[in-house]
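Work through the exercises below with the model open beside you. Try each task before reading its solution.

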Amino acid sequence: MPAEKDEITHDILAYLVEHPEAQDTLEGIVEWWLLEQNIKRQTALVKETLEELVRNGFIFERRIGNSETVYQINEKKLESIREFLKENVPE
Amino acid sequence: MKHATIMLLDFIPVSGIGSILQGILNSSSFTDFQFYLEKIEACGISLYDKKLQDIISHVNPHVIFLIGSSLQFKQPDAIMHFINDYVKRSQIIIIAEEIEPHEIVELLKLGVADFITPPLKSTDILPRLWRLLERKHSNELLLHSLKEKIGLKQIVGESPAFTKEIEKIPMIAKCNVSIMISGETGTGKELCARAIHYLSLRAGKPFIPVNCGAIPTELAENELFGHEKGAFTGASQSYNGLIKEADGGTLFLDEIGCLPLPAQVKLLRFLQDKEYRQLGSTKLHQADVRIIAASNLDLEKSMSEGKFRQDLFYRLNIIPLVLPPLRDRKTDIPILAHHFLAKCASEFNKKLSDFTPDAIQKLMAYNWPGNIRELENVIERAIVFSKQAIIQDADIVLPRSEAIKSNESLKDAKAKIEKDYIQKLLCTYRGNISKAAEAIDKNPRALRALIRKHEIDVQKFRPMSR
């Protein structure tokens, strides 16, 4: 529970530092401020994981058009990926 | 100082709106607007014209203002063609009068960034432009799109009557027009107002919800607009007021129908000019606030009774959002019930995962005058008192008059409806069985049999004989 409270404290303060003029009631904070911080944390985590997978050679990173980046599997590493999945089952 | 290129395509130069707009843009001290005015006479080029494409490509503006009559914007194909084929980096703002709310929603769906109705005021135009010109980075765009997807899932429901309204939210969030949300108590008006705010360019600024019904009549003006120190006996300190509190953001005025008439006049003036005076002050204050109003009253009736100003209603009701009552979206009841079960069971530390079919049936049969809020309370109470892993119909406690009596069979219920129907029919035809039978295309003998079956006293419906 304390870890969860620490996370909420962090999220509320981080939101207010990013948006110093923000004001809302408890309902709005639960529904939107924490949601925004959660999305940001998850997005950063996914981005970091993707970068790691690219470094490991498990996936490729490719730019399409002018700006978008897409990710896809490196088929040559399929066997190593299967091994990795067997060894690393999330709890 | 920031720089921006603005283009104005004026389809009605005689209106003078283009010149007023030019004056407003030139008055900005924060942004240097490079301004291109293209006057397009009625017999001149249209939105389809190649000549127009060349002009836009050459100027490459950040923002294009399209000034026209409602007629020009009643051609969605032309607007779509214009946006998709000609306009690469520009945001489009339409200035027009007399456009129907559903047409505004259609234009926003096509990609128009904002919509403005004359008269034009610098206090309104410039903040809108600045917000649009704050270009979003790709990270921010991703955040916005995820916020839209995940945030709107908090507004639970799948029935067509409901989703038709909710689908408007992302569109109306991105423009700056006033919104009127109507719906019975507990239908989710504040939830929708908040979604509009947090999906708009005003997210990150204040969202101030106010229940106008909770403000004492004599304090309404003071609450909204504030006062100067010494404005009245006891005003030992100045007070900013809620409009100032919401500056840059959104002010949600719930139960707007309860706002007293003097405060309505002042609010109308603020909506028109974006300026107001605090009580006891001669100084004009400015505030950039989006107003979202809501009401559970029939405001048209309030207008006819002189309790609500018609001009304020039309200013607020530019885009209406009508939330249906829960009894009109009964298919959403099981979805909402499971949503509240998942939400509240963990709060009360209970391992409950489902409802019995009888429990769902009981929820579906009820009329829900308090709507979603009432449903949430009923589920919460059921969770607290439930002693089993699944919520039973006995756990669902509903007000006695509305709950279906468990000992009443379908046959009995049908008979009751039939008896009621025949009594109303006899009342209409003053006890004349032949006429009543003819009206419902039934044999008089069959109707007499039904009257006997239900032991109805026909004499009761006949006029008294002298």
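The exercises cover salt bridges, one helix and the interface between two chains.

The model is predicted, and side-chain atom pairs count only at pLDDT 80 or more.

**Exercise 1. Find what B:Glu221 pairs with, and place both residues in the chain.**

Step 1. Look for the partner. The side chain of B:Glu221 meets that of B:Lys266 in a salt bridge, 3.5 Å from N to O. The cut-off is 4 Å, so the pair qualifies.

Step 2. Place the two ends. B:Glu221 sits in helix H10 (residues 220-225) of chain B, and B:Lys266 in helix H12 (residues 261-273) of chain B. They are 45 residues apart, so the pair links distant parts of the chain.

Step 3. Check accessibility. B:Glu221 has a relative accessible area of 23% and is partly exposed. B:Lys266 is at 14% and counts as buried. The line for buried is drawn under 20%.

**Exercise 2. Set out two further salt bridges in chain B, those of B:Asp332 and B:Glu376, and classify each end.**

Step 1. Start with B:Asp332. Its side chain meets that of B:Arg329 in a salt bridge at 2.9 Å, N to O.

Step 2. Classify this pair. B:Asp332 is buried at 1% relative accessibility. B:Arg329 is buried too, with a relative accessible area of 1%.

Step 3. Turn to B:Glu376. Its salt bridge is with B:Lys343, and the closest N and O atoms are 3.0 Å apart. B:Glu376 belongs to helix H17 (residues 371-385) of chain B, B:Lys343 to helix H15 (residues 332-347) of chain B, and the two are 33 residues apart.

Step 4. Classify this pair. B:Glu376 is buried, with a relative accessible area of 18%. B:Lys343 is partly exposed at 36%.

Step 5. Look for shared partners. One network of salt bridges joins A:Glu18, A:Glu36, A:Lys40 and B:Lys147. Over all chains, the whole structure holds 26 salt bridges.

**Exercise 3. Is helix H5 of chain B largely enclosed or largely open?**

Step 1. Take its length. H5 (residues 122-133) of chain B has 12 residues. From first C-alpha to last it reaches 16 Å, close to the 16 Å expected at 1.5 Å a residue.

Step 2. Count the buried residues. Of the 12 residues of H5(B), 9 are buried, so the helix is largely enclosed by the rest of the structure.

Step 3. Name some. The buried residues include B:Asp124, B:Arg128 and B:Arg131, along with B:Ile125, B:Leu126 and B:Leu129.

**Exercise 4. Describe how chain B meets chain A.**

Step 1. Count the contacts. 21 residues of chain B are in contact with 17 residues of chain A.

Step 2. Take the area. About 1700 Å² is buried between the chains, and carbon and sulfur atoms give 59% of that. In chain B, B:Leu143, B:Arg194 and B:Tyr198 lose the most area to chain A, together 31% of what that side buries.

Step 3. List the pairings. The interface of chain B and chain A has 3 salt bridges. One of the salt bridges joins B:Arg194 to A:Asp24 at 2.8 Å, N to O. There are also 9 residue pairs in polar contact across the interface.

Step 4. Assign the elements. Helix H6 (138-152), helix H9 (189-198) and strand E7 (207-211) of chain B each give two or more residues to the side that touches chain A. H6(B) gives the most, with 7 residues.

Step 5. Sort the residues. The side of chain B that touches chain A has 13 nonpolar, 3 polar and 5 charged residues.

Methods. Residues numbered from 1 in each chain as written. Chains lettered and ligands numbered in written order. Predicted model: local features only at pLDDT ≥ 70, side-chain atom pairs only at ≥ 80, totals over all residues. Heavy atoms only, no water. Helix = DSSP H or I, 4+ residues; strand = E, 2+ residues; numbered from the N terminus. Buried < 20%, exposed > 50% of the residue type's maximum accessible area, 1.4 Å probe, protein only. Expected span 1.5 Å × (residues − 1). Contact = heavy atoms within 4.5 Å. Buried area = accessible area lost by both parts, 1.4 Å probe. Polar contact = N/O pair within 3.5 Å; in protein donor to acceptor, adjacent residues only side chain to side chain. Nonpolar A, V, L, I, M, F, W, Y, C, P; charged D, E, K, R; others polar.
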